[in-house]
Amino acid sequence: MLSAFVSSSLAERFAWGQNDCALWCASGVLACTGYDPAADLRGTYGSWFECRQVLMRAGGLERLIAPRMARFEPLSGDGAAIVKVGPQRFCALVVAGRAMARSEDGSLRVMDDFDMIRGWSW
């Protein structure tokens, strides 16, 4: 089901506050579970700077995301995650052991080599 979401969402454009890397992942959770972990965030920011402000007010990416995902089990198989590649941390969907994230240019970044910070399955 998650891989079907990834395939069906590739044509959607990247948009801060609507379909950025974190909200794209939240949309994947919504498509698979009916629960939107980011319902209160959608449309509340419209730029990288505003997104950064939301993250900083929350105390960082993990502090923003983890409580919203508390209803789910730790990642085992496919799901959503906070991953680290080099110095960068971001939200990704994990499908068949590969992390996938939306890039600002709209492309799908697929990673085999990443460190998982936190992950959730449903």
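I will talk about the strands around strand 3, and then about one serine in a helix.

Please keep in mind that this is a predicted model, in which local features need pLDDT of at least 70 and side-chain atom pairs count only at pLDDT 80 or more, while totals for chains, interfaces and linings use all residues. Residues are numbered from 1 along each chain as its sequence is written, and side-chain values use heavy atoms, with hydrogens and water left out.

Let me begin with strand 3, residues 88–95, where strands are DSSP runs of E with at least two residues, and helices are runs of H or I with at least four, numbered from the N terminus. Six of the eight residues in strand 3 are buried, a term that means under 20% relative accessible area, with exposed being over 50% and partly exposed in between, for a 1.4 Å probe and protein chains only.

On one side in sequence, strand 2, residues 79–85, pairs with strand 3 in the antiparallel sense over seven bridges, pairing being assigned if DSSP finds at least two bridges between two strands. Within that pairing, Ala80 has Leu93 of strand 3 as its bridge partner, and the hairpin has two residues between the strands, with Gly86 in the turn at a positive phi of about 60°.

Strand 3 is also joined to strand 4, residues 98–102, by three bridges, again antiparallel; here Val94 is partnered by Ala99, and Ala96 takes a positive phi near 55° in a hairpin that likewise has two residues between its strands.

Finally, Ser27 lies in helix 2, residues 21–33, and it counts as buried because its relative accessible area is 19%. Beyond its neighbours within four places in sequence, Ser27 contacts Phe5 and Arg42, contact meaning heavy atoms within 4.5 Å.
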